[in-house]
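Here are some comments for your reading of this model, set out as numbered points. Please keep the structure open beside you and look up each residue as it comes.

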Amino acid sequence: MIMVLEYMSEYIGMFLGALALLVVQAICDLTLPDYMSDIVNDGVINGNVNIILQVGGKMILLTLLSAACMIVTGYFAARIAANTARDMRADVFKRVQTFSNPELDKFSPASLITRTTNDITQIQMLIVMMVRMLFYAAIMGTGGAIKAIAESRTLSWTIVGSVLGLVILIIVLLYTVLPKMRIMQTLVDQVNLISRENLEGMLVIRAFNSQIFEESRFDAANRSLTENNLYINRAMTILMPTMMFIMNVTTVLIVWVGAHQIAALQIDIGKMMAFMQYAMQIIMSFLMLSVMFILIPRAMVSASRVKEVIETGTVIKDKKMAVRPRADFVPDIEYENVTFYYPESDEPVLKNISFKAKHGQTTAFIGVTGSGKSTLVNLLIRFYDVTEGRILVDGVDIRDMKRSDLRDKIGYIPQKAMLFSGTIRSNLTYADSDSTFENIQRAARIAQAEEFISTMSNGYDAHIAQGGTNLSGGQKQRMSIARALVKNAPIYIFDDSFSALDMKTDATLREALHREAGGSTLLIVAQRVGTILSADQIIVLENGEIVGCGTHRELLHSCEVYREIALSQLSEDELD
Amino acid sequence: MNFNTQGAKAKDSRKTLRTLLRYLEPYRVKIIIVMVFAALSSVFSIVGPKLLGKVTTKLAEGLIAYYFRTGLYMDFEYMGRLILLLIFLYTISMVFSYIQSFMMSGVSMQVTYNLRKELDQKMSRLPLKFYDTTTHGEVLSRITNDVDTISQSLNQSLSQLITSVATIIGVLGMMLSINVLMTVTALFVLSLSFGLVGTILRTSQKFFREQQASLGKMNGHVEEMYSGHTIVQAFNRQDDSIERFYEINETLSDSAWKSQFFTSIMQPMMQFVGNVGYVVVCILGGYLAVKKVIEIGDIQSFIQYVRNFTQPIMQLASISNTLQQTIAASERVFEFLDEPEESPERNLASASVVTGAVSFEHIAFGYDAAKPIIHDFSTAVEQGEKVAIVGPTGAGKTTIVKLLMRFYDINGGNIKIDGQSIYDYTRNDLRSVFGMVLQDTWLYNASILDNIRYGTFDATREQVVAAAKAAHCDEFIRTLPHGYDTILNEESDNISQGQKQLLTIARVILANPKILILDEATSSIDTRTEILIQKAMDALMKGRTSFIIAHRLSTIKNADLILVLNHGDVVEQGNHEELLAAGGVYAGMYNSQFERRTIAHGN
């Protein structure tokens, strides 16, 4: 909450303005019943139209002033809330952009998206309500109470009674409804989960003729959701009628008690009517405050979630005195006794890894799932930093380089081909927006993407949907490869990026790659032995350790793990 | 992303409304009772101010008597009776109000429940073709968001509508009973305020739409950048993405404050008009009271009525808004429910005696009938034969399988099993002949036992364990903390991809089908598991007709028939030797193995 206030303090001027106007407005609104009382007492009862007109004129002026205050307050409230939300959102987004993988893993993208959008919208709503209602209700409540007591102490007891009644009503309701509200989200999720499962497993469900089974599963979830919602709704139906009842009875009581006071000549009729207005104002203030008390806890949860993001520092930082890459940069890579633990993990993923990858050569990594291949190459691009040991590029420890300098030297093709919405061209020029068209075409040609691009309706200007969903898996992967090749980088990392390609495309692509990017250092993570047969150096990983290193032929004879993998994929006579 | 959830205009409101009413039909008695109680509840509370006014009049009379020194006389007995009557009326009004809301929430929840159920059932009756053009998100949003909108609106708007109308009529009647001139004057002032409200509402809605649009853009950008975070990082494009964010953020905050501001104007405007009305009523009332046309208490009652009048009108305005949203939501729900279902089926043959011979006769097919991808494909498969389907990525290898199982209907030709057209079986009967293991394994949020038993729901635990053993997954299941009763979590990521595939194989073994459809394991599975999967599949295939979507040459070589696909069409068929001799696509694919070796040797 303090963080929200800090952000709001940027707009302290507007806030103070709003507060001042609220006070003026509250004074106006509290004075109105007095004039009403005057109209009745001096005008209506005496039949004096002049007084009515006079007082009425004042009243209208006062209302006008009150309305003006309210409108300007509304303006301030809207501006403060929108601006604060904007600033917070920008800070969250900027912060996330500096995150490396450890921070990203900690939050998960889905949660970060909610924090950047929904959570901040919640806070924005609260700010508007806070500026417009919280303070107004507080001022009105106190002002109304002071006036009411001054008017008649005896009558004030009726207000105390009804406010007490209201508070008890709200507390009891919340007490009964809150537990049900809490499980509501789980029940909704359950219905969603089953629907999603049914959609994703459509083929299987139909193949196994289990539609009836699925329907009964959905029905159970649907039933408990319905029952829960019915309970909440029915409990909430008590609120409005009871509130109306309390307000009506308060009015009646004021008249009854007031009548006795009038009879005792303690107050007059106008006063009594004014008192009714005060009572309503006070009760309304309490209602507003109780609404705020329901809203505030929700927004506080949001605020703390946002705060968590803003205050998360990045583990991976650039050094102040970073080493700039040499002008005659040579992309030689060396891992020296690299050991790596994922944050908060007790087991190392990589143990004591050492190898050299020379420029112009291809180094391939193979091993079973979970053997640490992807992690190994991800360390080079500094998504994570090594726990022990060091990685040298052109003789420099990569932790001594600026991340942006390092990444400029690397063309990275991730495991999951992730494209952005836009066009084929905008995706291919992602690395370098000034790239020439020839360069783009060349990259597309090497990546074997030219053929399918040319068959698309607008060629290079064809639309790409978010995540590249309008392309097939293989097309996305080739796009992702082309995108990196546009960079003409001295180092390329292929993190299992041939998996969606058929064998023939895979072979042609790698051949073209060899021809065109021959001077670069290539690091290839692969699952298929066929993909890496031609590598200069194959590193076999098992449980985070290097168990073999050499060419295909050497490893076939020297490395049992490699032999096993190769045999499972190629028949004996295909092996050599 | 799909934003038509908000504020979309309905295409045919009348028709949608009629359909919606049909859903309410079974509850018409309850709804009529609700309406009666809602109206009565409003009427009883409307009488209040009038009675209260009488008390005030009595008070004033007593006071005037005092001023004229005719003795201070307060008729407390009369006033007391009135006040008791008032409390009684308010209590009845409250009770009636409870009853109507209680019944209405029952009705609306029941209707919501029915709608959700129908949507879910509809999901499994739609042809798969429907899902080619509709995303899962769209379907889900109908089951949740749209149904929720309808539910809320039924729950609140309907009784609010009745209460508001009853209140307006009642209040108007009471006002007229006090004084016609005053009523006309008050109505004039009030009509001014409605004009104001209308104008403001229209302006603010424009900004709301703008806000919604930029919110959509914002969500899109944030989602894209966060899910592509590593790419943004690897390509050093953070500044770019921040800059784009700033742009959207700026327009969003601009439309946000405007829409917020215009909404907040409404209340002061209404209050101002209300107060003007108050003064006018006082002036006119005072004049009339002097002329003895009305009494003092009448002025008080009248003021309260004027106040009560604005409330239901505001409510009606907001109801018309929600109603529009509801109709738009209902329309989307009904649209889905009206989608054409799978084509009707015939029941001319029984699948229980099928042996498993399959023939394709001059098949023509296209996912879009206008764009045929399979032109004229024929082949025959004997019982127990092994058919491999190969082709480059995206060639449509699963298409044949989808036709065979009638997930899609062919446009021309015929598919026969044991000489009987598959269109002569019921879908369920036909599909029970097949066992299918796909690459993207589908498991659901339940125990391993239930997942293996899926489709053969009456299998005993022993049978499940036997199937698991045959599928080589008994061993790993036993190492799990709860063995066969381990619950797979939502993402099923408490077991590995390969283990998932083994479970689905066990599932098919348990089902014991006549014909098999297998999708081979690909690269995402580690070698050892892969060997297990291969073994399990080999065991499964023994003696059964099987269709294998192949990725590896070793499987293809000993197949009885190889279907080579390219761009969706079957371009070659035959066995390994025949196809190699033909020197076509297959030969090219096969030879790429050797090309690769040339490169290897070249280095």
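1. In this predicted model, B:I562 has its bridge partner in strand 10 of chain B, namely B:G574. This pair belongs to a wider pairing, since strand 9 of chain B, residues 561-566, and strand 10 of chain B run antiparallel to each other and are joined over 5 bridges.

2. Which sheet do these strands belong to, and in what order do its strands lie? The sheet is open and has 6 strands, which in chain B follow the order 6-7-8-3-9-10 with mixed pairing. At its edges are strand 6 (434-437) and strand 10 (569-574) of chain B, each of which pairs on one side only. On average, and with direction ignored, neighbouring strands of this sheet are turned by 15 degrees against each other.

3. Helix 10 of chain B, made of residues 397-404, packs on this sheet, where it touches strand 3 (386-390), strand 7 (515-519), strand 8 (545-549) and strand 9 of chain B. The direction of helix 10 makes about 145 degrees with that of strand 8 of chain B.

4. Chain B also has strands that pair around strand 1, residues 358-365, which runs antiparallel to strand 4, residues 412-417, with 5 bridges joining the two. Within this pairing, B:V358 has B:I417 of strand 4 as its bridge partner. Strand 1 of chain B is likewise joined by 5 bridges to strand 2, residues 374-381, again in the antiparallel sense, and here B:F365 is partnered with B:I374.

5. Turning to the nonpolar cores, the largest has 140 residues, among which A:A482 and A:I493 touch the most other members. Helix 3 of chain A, residues 49-98, supplies the largest share of this core, with 15 residues. If neighbours within four places in sequence are left aside, the contacts of A:I493 include A:V377, A:L380, A:I410 and A:L523. There is also a second, separate core of 78 residues, and B:F434, B:I517, B:I556 and B:V570 are among its members.

6. How many residues of chain B are in contact with chain A? There are 126 of them, and they meet 129 residues of chain A. On the side of chain B that touches chain A, the largest share comes from helix 8 of chain B, residues 238-290, which contributes 28 residues. Sorted by character, the residues on this side of chain B comprise 64 nonpolar, 47 polar and 15 charged.

How values were computed:
Residues are numbered from 1 along each chain as its sequence is written. Chains are lettered from A and ligands numbered from 1 in the order in which they are written. This is a predicted model: local features need pLDDT of at least 70, side-chain atom pairs count only at pLDDT 80 or more; totals for chains, interfaces and linings use all residues. Two strands pair if DSSP finds at least two bridges between them. Helices (H or I, at least four residues) and strands (E, at least two) are DSSP runs, numbered from the N terminus. Axes are lines fitted to C-alpha atoms, for helices over the stretch in contact, and angles run from 0 to 180 degrees between N-to-C directions. Two residues are in contact if their C-beta atoms, placed from the backbone, lie within 7 Å. A nonpolar core is a set of buried Ala, Val, Leu, Ile, Met, Phe, Trp, Tyr and Cys residues joined through C-beta atoms within 7 Å. A residue is buried if 20 or more other C-beta atoms lie within 10 Å of its own, exposed if 12 or fewer, and partly exposed in between; C-beta atoms are placed from the backbone. Ala, Val, Leu, Ile, Met, Phe, Trp, Tyr, Cys and Pro count as nonpolar, Asp, Glu, Lys and Arg as charged, and the others, Gly among them, as polar.
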